[in-house]
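User: I'm new to this one and would like a close look at a single part. Could you take me through strand β1 and whatever packs around it, and then go on to the rest from there?

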Amino acid sequence: MRLAIYTCVVNDYDVVLPPARDCDGVEFFCFTDKPERRIKGWKMMCLAHPGEVVSPSLINRYHKFFPERVLPKEIDCSIYVDGNVRVTENPRSWAEEHGKDGVPIVVFAHPDRNTIKEE
């Protein structure tokens with residue numbers, strides 16, 4: 001399984017942190033309006049949003065909600081993290097465990113709300 005962790009940062013909204021440890025078999029992609037920056041562990045990528053989307057928050061959401069459009073086609077599984085989140089453990093076993101049933105999307109339980117409507 002080809003696994004990717006990805007994020008999107010526009011207008012320096014977040015400070016992207018390098019992974020805390022080596023995550024063998026995991027690729028890290030950061031979509032940004034400043035792809036010339038270098039952050040250890042991350043492959044910096046130009047924003048891939050449609051031209052009519054100009055709001056920084058909507059650009060971020062485009063990347064978050066459409067990984068199949070922005071990530072390389074060879075990626076089998078992806079995990080979105082906010083730009084200021086440091087990955088501290090290799091997520092491969094978690095992704096393999098939760099992806100084994102072929103479900104198209106897995107989300108974490110919210111600590112305070114139980115439904116999309118509440119959120």
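Analyst: Here is a walk that starts at the first strand and moves outward from there.

Keep in mind that this is a predicted model. Strand β1 covers residues 3-9, and a handy place to step in is alanine 4, which lies in that strand. Is alanine 4 buried or exposed? Alanine 4 counts as buried because its relative accessibility is 0%, and buried means under 20%. Leaving out neighbours within four places in sequence, its contacts are Glu27, Phe29, Leu71, Ile75, Cys77, Ser78 and Ile79. Two of the names on that list, Leu71 and Ile75, turn up again below. There's also a distance to go with this spot: the C-alpha atoms of alanine 4 and proline 72 are 9.4 Å apart, with their places 68 residues apart along the chain.

Now for the core that β1 helps to build. The largest nonpolar core has 16 residues, and those touching the most other members are Leu3, Ile5, Val16, Val26, Phe28 and Trp42. Which elements give two or more residues to this core? They are β1, β2 and β4. Tryptophan 42 is worth a pause, since its contact list is a long read: beyond its sequence neighbours within four places, it meets Ile5, Tyr6, Thr7, Val16, Leu17, Pro18, Pro19, Phe28, Phe29, Cys30 and Val81. There is a second, separate core too, made of 14 residues, including Tyr62, Val70, Leu71 and Ile75. Leu71 and Ile75 are the pair from before: both are in contact with alanine 4.

Staying with β1 a little longer, look at who else reaches its residues. Histidine 63 sits in helix α1 and is in contact with Tyr6 and Cys8, along with Phe31, Leu47, Ala48, His49 and Val70, if you set aside neighbours within four places in sequence. Histidine 63 is buried, because its relative accessible area is 0%. Elsewhere in helix α1 you'll find leucine 58, which counts as partly exposed because its relative accessibility is 48%. The C-alpha atoms of leucine 58 and aspartate 24 are 32 Å apart, and the two residues are 34 places apart along the chain.

Val9, in turn, is met by threonine 32: this threonine is in contact with Val9, Met44, Met45, Cys46 and Leu47, again not counting neighbours within four places. Threonine 32 belongs to strand β2, residues 26-32, and it counts as buried because its relative accessibility is 6%. Its side chain also makes a polar contact of 3.4 Å with the side chain of aspartate 33.

Next comes the loop between β1 and β2, where asparagine 11 is found. Asparagine 11 has a positive phi of about 55 degrees, although it isn't a glycine. Aspartate 12 lies in that loop between β1 and β2 as well, and it too is a non-glycine residue with a positive phi of about 55 degrees. Why mention this at all? Because most residues other than glycine have a negative phi. As for its surroundings, aspartate 12 is partly exposed, since its relative accessible area is 38%.

Back at the start of the chain, there's a meeting with aspartate 76. This residue lies in the loop between α2 and β4, and it counts as exposed because its relative accessibility is 57%, where exposed means over 50%. Outside its neighbours up to four places away in sequence, aspartate 76 touches Met1 and Arg2. How is the arginine reached? The side chain of aspartate 76 comes to 2.7 Å from the backbone nitrogen of arginine 2. The C-alpha atoms of aspartate 76 and methionine 1 are separated by 5.9 Å, although these residues are 75 apart along the chain.

Last stop, the largest pocket. Its volume is about 1,100 Å³. The elements that give two or more residues to its lining are α1 (56-65), α2 (67-70), β4 (77-80) and α3 (92-99). The lining has 26 residues, and those nearest the centre of the pocket are Ser78, Tyr80, Ile105, Val106 and Val107. By type, the lining divides into 18 nonpolar, 4 polar and 4 charged residues. One of the names near that centre brings us back to where we began: Ser78 is also in contact with alanine 4.

Conventions
Residues numbered from 1 in each chain as written. Predicted model: local features only at pLDDT ≥ 70, side-chain atom pairs only at ≥ 80, totals over all residues. Heavy atoms only, no water. 1 Å grid on protein atoms, 1.4 Å probe; cavity = no way out; pocket = protein on both sides within 12 Å on 5 of 7 lines; lining within 4 Å. Points joined across faces, edges and corners; volume = space filled by probe spheres on them. Helix = DSSP H or I, 4+ residues; strand = E, 2+ residues; numbered from the N terminus. Nonpolar A, V, L, I, M, F, W, Y, C, P; charged D, E, K, R; others polar. Buried < 20%, exposed > 50% of the residue type's maximum accessible area, 1.4 Å probe, protein only. Polar contact = N/O pair within 3.5 Å; in protein donor to acceptor, adjacent residues only side chain to side chain. Contact = heavy atoms within 4.5 Å. Core = buried A, V, L, I, M, F, W, Y, C linked by side-chain atoms within 4.5 Å.
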